[in-house]
2 protein chains.
Amino acid sequence: MSFHNGFFHHNLQFSRSFTKKLNEQLAKVDLFHSQWLIVYYLNQFGCSTLVEISNYLDVEKPTVTRTVNRLEERDLIEQIPGKDKRERRIQLTESGVKTFQEAKKVVEEFEHQLMSGLAEEELEVTQRTLNFLKEKLKQS
Amino acid sequence: MSFHNGFFHHNLQFSRSFTKKLNEQLAKVDLFHSQWLIVYYLNQFGCSTLVEISNYLDVEKPTVTRTVNRLEERDLIEQIPGKDKRERRIQLTESGVKTFQEAKKVVEEFEHQLMSGLAEEELEVTQRTLNFLKEKLKQS
DNA sequence: ATTGTATAGTTACCTAGGTAACTACTTTGC
DNA sequence: GCAAAGTAGTTACCTAGGTAACTATACAAT
């Protein structure tokens, strides 16, 4: 199997298309998908450091720094003083929680619509395959 | 099913990880993966316009313009005069064909290594699922 | 033939990912 | 207790995707 008109090519196209459409939807609540990922994480896990976010999302630290700065400028997150002076511990503000709740509805509806018509079994196989490939990439 | 610890999140992580590793491999022949996509296309379909490339790769025109400019600066492609003065018809140079051949080996080895251990059937289901989702995104 | 519309490509500017190199702080080892 | 190593985060700069608005050319309709 060749790269083109093949598996990986389509997967990349799907990913691009997906984030594009998700950004369109999230524009309703004035968020970008990268911001949504961090807002979601903070809502679920509470107060965190940038490294924790970086590890969870599997995104490099400079990228996290930039997105977190944007969220802070918009007062969706706030800093918490901590013991370790190197760390930047952040959490959602009240406004951030509110935005999360609005965004959650938008994302869930978007996902639900996209998923409808897909067999549960096919989804499982796909997820297992992608995880297999992801793990294999980590090793190499 | 929720977005996080869910299907789409993992798919995006996989895509990022994949392009990252592919770029590492393609560095051997001094190419980036976006350049490789265009070089591959030109080798397969011959002399083309930027719009044709844009449609095939499902990437917006400005992005294609930029990547093509890089390829031209490196003398991997050359312009061909045509009837329609709006068009920019390009093809691989001799050096471009040579680079394609070298890159092809690198990419094929990378893909083959990644694919090994995956059942043919699982791969088919995965590809079908991704295509289904991709088509659904186009409609929405 | 002229006028309006469609198309090819570019420019400017935005988000989003990456690496390399750096600062500031913490921890560890002797 | 001090020097070395490790860690958190930032800065600068690169590729790579996107949109909006623009120019220049081609085509179509009246």
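Chain A superposes on chain B by a rotation of 180 degrees with 0.0 Å of shift along the axis, at an RMSD of 0.0 Å. The two copies are thus related as by a two-fold rotation axis. The model is predicted. The points below cover the pairing of the chains, the surfaces near DNA strand C and DNA strand D, and selected helices and residues.

**Symmetry and the chain interface**

- The residue of chain A that comes closest to the rotation axis is A:T126, with its C-alpha at 2.2 Å.
- The copies meet through the same surface, because 100% of the interface residues of chain A are also interface residues in chain B.

**Helix 6 of chain B**

- Helix 6 of chain B covers residues 120–139. At 1.5 Å a residue, its 20 residues should span 28 Å, and the end C-alpha atoms are 29 Å apart, which agrees.
- The buried residues of this helix are B:L123, B:V125, B:T126, B:Q127, B:T129, B:L130, B:L133, B:K134, B:K136 and B:L137.
- On the chain A side, these buried residues pack against helix 1 (7–26), helix 5 (94–115) and helix 6 (120–139).
- Within chain B, they pack against helix 1 (7–26) and helix 5 (94–115).

**Surface near DNA strand D**

- DNA strand D is surrounded by 25 residues, of which A:V51, A:K61, A:T65, A:R88 and B:S34 are the closest. Of the strand atoms that come within 4 Å of the protein, 66% are accounted for by sugar and phosphate.
- At the backbone of the strand, an N or O atom in the side chain of A:T65 is 2.7 Å from a phosphate oxygen.
- Two contacts reach bases of DNA strand D. A polar side-chain atom of A:R86 lies 2.8 Å from a base nitrogen, and an N or O atom in the side chain of B:R66 is 3.0 Å from a base oxygen.
- Both chains contribute helices with at least two residues each: helix 1, helix 3 (50–57) and helix 4 (61–73) from chain A, and helix 2 (33–45) and helix 4 (61–73) from chain B. Helix 4 of chain B has the largest share, with four residues.
- By class, this surface holds 14 charged, six nonpolar and five polar residues.

**Surface near DNA strand C**

- Around DNA strand C there are 25 residues, and the closest are A:S34, B:V51, B:K61, B:T65 and B:R88.
- Sugar or phosphate makes up 67% of the strand C atoms within 4 Å of the protein, and bases make up the rest.
- Phosphate oxygens of DNA strand C are contacted from chain B: a polar backbone atom of B:V51 is at 2.7 Å, and a polar side-chain atom of B:T65 is at 2.7 Å.
- From chain A, an N or O atom in the side chain of A:R86 is 3.5 Å from a sugar or linking oxygen of DNA strand C.
- Two or more residues of this surface come from each of helix 2 (33–45) and helix 4 of chain A, and helix 1, helix 3 (50–57) and helix 4 of chain B. Helix 4 of chain A gives the most, with four residues.
- The class division is 14 charged, six nonpolar and five polar.

**Ser54 in each chain**

- A:S54 belongs to helix 3 of chain A. A:S54 has a relative accessible area of 8% and is buried.
- The side chain of A:S54 has a polar atom 2.6 Å from the backbone oxygen of A:V59. Not counting residues up to four places away in sequence, A:S54 touches A:V59, A:E60, A:K61 and A:V64.
- A:S54 and A:Q139 lie 85 residues apart in sequence, with their C-alpha atoms 19 Å apart in space.
- B:S54 is in helix 3 of chain B and counts as buried at 9% relative accessibility.
- The backbone oxygen of B:V59 is reached by the side chain of B:S54 at 2.6 Å. Leaving aside neighbours within four places in sequence, B:S54 is in contact with B:V59, B:E60, B:K61 and B:V64.

**Helix 2 of chain A**

- The 13 residues of helix 2 of chain A should span 18 Å at 1.5 Å a residue, and the end C-alpha atoms are 18 Å apart, which agrees.
- Buried residues in helix 2 of chain A are A:H33, A:Q35, A:W36, A:L37, A:I38, A:V39, A:Y40, A:Y41 and A:L42.
- A:G46 follows this helix and has a positive phi, near 70 degrees.

Key: Residues are numbered from 1 along each chain as its sequence is written. Chains are lettered from A and ligands numbered from 1 in the order in which they are written. This is a predicted model: local features need pLDDT of at least 70, side-chain atom pairs count only at pLDDT 80 or more; totals for chains, interfaces and linings use all residues. Side-chain values use heavy atoms; hydrogens and water are left out. The expected span of a helix is 1.5 Å times one less than its number of residues. Buried means under 20% relative accessible area, exposed over 50%, partly exposed in between (1.4 Å probe, protein chains only). Contact means heavy atoms within 4.5 Å. A residue is near a molecule or strand if one of its heavy atoms lies within 4 Å of it. A polar contact is a pair of N or O atoms within 3.5 Å; within protein, one must be able to donate a hydrogen and the other to accept it, and residues adjacent in sequence count only if both atoms are side-chain atoms. Ala, Val, Leu, Ile, Met, Phe, Trp, Tyr, Cys and Pro count as nonpolar, Asp, Glu, Lys and Arg as charged, and the others, Gly among them, as polar. Copies are superposed by least squares on the C-alpha atoms of residues with pLDDT of at least 70 in both.
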